[in-house]
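Here is a walk through one protein model, written for someone who would rather look at side chains than read tables. Keep the viewer open as you go.

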Amino acid sequence: MKLFLVVIAFLLMIIGILGSFLPVIPGPLTSWAGLLVLHFTKGVEMSQTFLIITLIVAIVIYVLDYIIPAIGTKRFGGSKAGMIGTILGLIIGLITPIPFGIIIGPFFGALIGEMMNKNDFNKALKAAFGSFLGFIASTFLKFIVAIIYFGFFIAKLLEHNANWY
């Protein structure tokens with residue numbers, strides 16, 4: 001049973017890291033769920049304070065994930081169409097074998113979304129850049145938190161003080 005919980009926790013950690021890039025998976029929250037599952041493994045000790053603080057951080061990052069791209073888009077004169085284009089560009093960039101698709105997909109998605117919303121290429125380009133910057137900042141923040149949680153996972157696993165069977 002312990003090994004099963006560790007495997008589930010590890011899978012949640014990996015999904016959490018991937019969720020940093022995929023818009024449908026809340027990366028840090030999924031990674032936190034991995035820490036929670038690991039907490040229930042006999043021989044792994046995590047304080048309630050640790051779990052609450054890491055949960056609060058995961059929730060704050062989850063909320064910021066929606067605010068940061070909006071701020072970037074708005075600051076550079078973008079629209080909701082640019083934000084939707086950013087997400088669609090990310091998905092297309094992820095599933096197509098384009099080099100650096102995860103980076104150029106959101107930018108071109110935002111540009112196309114803004115071009116559909118505005119006819120002025122320069123304004124659309126500026127808004128797409130803002131949307132792209134917001135997306136990159138948000139993604140980077142989620143990734144860093146998911147990696148830190150994975151580091152906590154490894155550290156707690158190494159401190160394991162019970163039999164595996």
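## F21 and its ring partner

F21 has a relative accessible area of 28%, so it counts as partly exposed. Bear in mind that this is a predicted model. F21 sits in the loop between α1 and α2 (27-39), and its partner F143 belongs to helix α6 (residues 121-158). The two are 122 residues apart, and their pairing ties distant parts of the chain together. F143 is also partly exposed, because its relative accessible area is 27%.

How are the two rings set against each other? A pair of aromatic rings is described by the distance of the centres and the angle of the planes. For F21 and F143 the centres are 5.4 Å apart and the planes stand at 45 degrees, so this pair is tilted. Stacked would need planes under 30 degrees apart, and edge-to-face over 60.

## More aromatic pairs

The F21 and F143 pair has company: the structure holds eight aromatic pairs. Another one is made by Y149 and F152, with ring centres 6.2 Å apart and planes at 25 degrees, so here the rings are stacked. Both residues are in helix α6, three residues apart, or about one turn of the helix. Is Y149 buried or exposed? With a relative accessibility of 3%, Y149 counts as buried, while F152 at 31% counts as partly exposed.

Elsewhere, F10, F150 and F153 are joined into a cluster by ring pairs. There is a charged neighbour to look for as well: K156 lies over the face of F50, at 5.4 Å from the ring centre.

## T54 and the stacked pair

Now find T54, in helix α3 (residues 48-75). T54 counts as buried, because its relative accessibility is 5% and the cut-off for buried is under 20%. Which residues does T54 touch, once its neighbours within four places in sequence are left aside? They are W32, L35, Y149 and F152, so both members of the stacked pair described above are on the list.

## How α1 meets α6

Helices α1 and α6 pack at an angle of about 160 degrees, with their axes 8 Å apart. Angles over 145 degrees count as roughly antiparallel, and α1 and α6 are therefore roughly antiparallel to each other. The crossing of α1 past α6 is left-handed. On the α1 side the contact is made by V6, A9, F10, M13, I14, G16, I17 and G19. On the α6 side it is made by K142, F143, A146, I147, Y149, F150, F153 and L157. You'll recognise some of these from the ring pairs, including F143 and Y149.

G16 is worth a stop. This glycine lies in helix α1 (residues 2-19), and it is buried, with a relative accessible area of 0%. Not counting residues up to four places away in sequence, G16 touches G27, T30, S31 and A146. What separates G16 from A146 in sequence and in space? They are 130 residues apart along the chain, but 6.2 Å apart in space, C-alpha to C-alpha.

## How α4 meets α5

A second helix pair to look at is α4 (residues 80-95) with α5 (residues 101-117), whose axes come within 6 Å and cross at roughly 145 degrees. This crossing is right-handed. From α4 the contact takes in A81, G82, G85, T86, G89, L90, G93 and L94. From α5 it takes in G101, I102, G105, P106, G109, A110, G113, E114 and N117.

## Back to the loop

V24 is in the loop between α1 and α2. V24 counts as exposed, because its relative accessibility is 72% and the cut-off for exposed is over 50%. The C-alpha atoms of V24 and I91 are separated by 9.9 Å, with the residues 67 apart along the chain.

## Zooming out

What does the secondary structure come to? There are six helices and zero strands, giving the pattern α-α-α-α-α-α along the sequence. The C-alpha atoms fill a box of roughly 65 × 35 × 15 Å, taken along the principal axes.

The protein has 165 residues, and 39% of them count as buried. Of the contacts between residues at least 6 apart in sequence, 69% join residues at least 24 apart. The F21 and F143 pair, 122 residues apart, is a good place to see distant parts of the chain linked.

Definitions and conventions: Residues numbered from 1 in each chain as written. Predicted model: local features only at pLDDT ≥ 70, side-chain atom pairs only at ≥ 80, totals over all residues. Heavy atoms only, no water. Helix = DSSP H or I, 4+ residues; strand = E, 2+ residues; numbered from the N terminus. Buried < 20%, exposed > 50% of the residue type's maximum accessible area, 1.4 Å probe, protein only. Contact = heavy atoms within 4.5 Å. Phe/Tyr/Trp six-rings, centres within 6.5 Å; stacked < 30°, edge-to-face > 60°. Lys NZ or Arg CZ within 6 Å of the ring centre and 35° of its normal. Axes fitted to C-alpha atoms, helices over the stretch in contact; angles between N-to-C directions. Parallel < 35°, antiparallel > 145°, perpendicular 65-115°, else oblique. Left-handed = near helix turned anticlockwise from the far one by under 90°.
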